[in-house]
Amino acid sequence: GKGNDGNDKPFEPSSAGFLSQTYSASRKHNPIVRALTRASEDVNLTRRFLDRMIDAREHDLDVQQYDTMRDLVHYGEATSSSLLYLGLECCNVRDESADGVASRIGASVGIITALRSLVYRANFGEIALPAEIMTKHNVPEQFLLNPPDRFNGSELSPQEEVADEALKAAVREMAHVAGAYLSEARKMQGGVPKEGRSALLPAVGALSYLTKLNSVGYNLFHEDLIA
């Protein structure tokens, strides 16, 4: 959930901090910052959520691989959930039930984002699957970092077949966790004020991806997912 660190105050630039400096320097020139300025003035966006997103993204720059699913979920909550909270505020919704739904959708989106980025990030030596999941399912690290060529008509070797099935099992587990978060959100959605429902539409895209992932047998290298 949102938590409470005592900093739930409107987004007001100050002389300290990277966010405030960037905000002050760029709001006349950057269209995104200008839009943020307008939104903060209109609905008093909560500064803490903006800081939380930036801190999490900055930390993620140094992360080659998260250790646990909990770490990955925490990152999703810090980024995607925070963005959803701000979206709700832009709809003039500050509601505990809506926040609970947003928290769960954000956690799911965080997991799905990791799955969607796996093939791309492997090109840069990064592993999107948490270490504990890879260990549990015996997924070889090199199978991700140096995957076999699947698109030239050649078949996987027996060893690669074993690794491929291990990867699918790991992906399936992560997808099921993401789906569980969406299921919780769906059960709670009746408590979301009507005017805030549009802010939670990312849940639709998340569910669509999980449905497609299931249809291809949790094969992240399937052409329908990476085309």
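Is Tyr75 buried or exposed? Tyr75 is buried, as its relative accessible area is 15% and buried means under 20%. The model described in this report is a predicted one.

## Aromatic pairs

The count of aromatic pairs in the model comes to three. In one of them, the ring centres of Phe49 and Tyr85 lie 5.1 Å apart and the ring planes stand at 45 degrees, so this pair is tilted; the tilted class covers angles that are neither under 30 degrees nor over 60. The pair links distant parts of the chain, since Phe49 belongs to helix 3 (residues 47–60) and Tyr85 to helix 4 (residues 69–90), with their positions 36 residues apart. Phe49 has a relative accessibility of 1% and therefore counts as buried. Tyr85 is likewise buried, with a relative accessible area of 1%.

A further aromatic pair is formed by Tyr66 and Tyr75. The distance from centre to centre is 5.8 Å, the angle between the planes is 35 degrees, and the pair is tilted. Tyr66, at 11% relative accessibility, counts as buried, and Tyr75 is buried at 15%.

## The largest pocket

The largest pocket has a volume of about 460 Å³. Its lining consists of 20 residues, of which Arg57, Asp60, Tyr75, Thr113 and Arg121 are the closest to the centre of the pocket. Tyr75 thus appears both in this group and in the aromatic pair with Tyr66.

Three helices each supply at least two residues of the lining: helix 3, helix 4 and helix 5 (96–122). By residue class, the lining of the largest pocket divides into ten nonpolar, six polar and four charged residues.

## Ser80 and its contacts

Ser80 is located in helix 4. With a relative accessibility of 18%, Ser80 counts as buried, because the cut-off for that class is under 20%. When neighbours within four places in sequence are left aside, Ser80 is in contact with Gly106, Val109 and Gly110.

## Pro202 and Gly106

Gly106, one of the residues in contact with Ser80, also has a stated distance to Pro202. The two residues are 96 residues apart in sequence, while their C-alpha atoms are 8.7 Å apart in space. Pro202 is placed in helix 9 (residues 202–215). At 38% relative accessibility, Pro202 counts as partly exposed, because this value falls between the limits of 20% and 50%.

Definitions and conventions:
Residues are numbered from 1 along each chain as its sequence is written. This is a predicted model: local features need pLDDT of at least 70, side-chain atom pairs count only at pLDDT 80 or more; totals for chains, interfaces and linings use all residues. Side-chain values use heavy atoms; hydrogens and water are left out. Rings of Phe, Tyr and Trp (its six-membered ring) pair if their centres lie within 6.5 Å; planes under 30 degrees apart count as stacked, over 60 as edge-to-face and the rest as tilted. Helices (H or I, at least four residues) and strands (E, at least two) are DSSP runs, numbered from the N terminus. Buried means under 20% relative accessible area, exposed over 50%, partly exposed in between (1.4 Å probe, protein chains only). On a 1 Å grid over the protein atoms alone, a cavity is a set of points where a 1.4 Å probe fits but cannot get out, and a pocket is an open set with protein on both sides within 12 Å along at least five of seven lines; lining residues have an atom within 4 Å of a point. Grid points are joined across faces, edges and corners, and a volume is the space filled by probe spheres set on the points. Ala, Val, Leu, Ile, Met, Phe, Trp, Tyr, Cys and Pro count as nonpolar, Asp, Glu, Lys and Arg as charged, and the others, Gly among them, as polar. Contact means heavy atoms within 4.5 Å.
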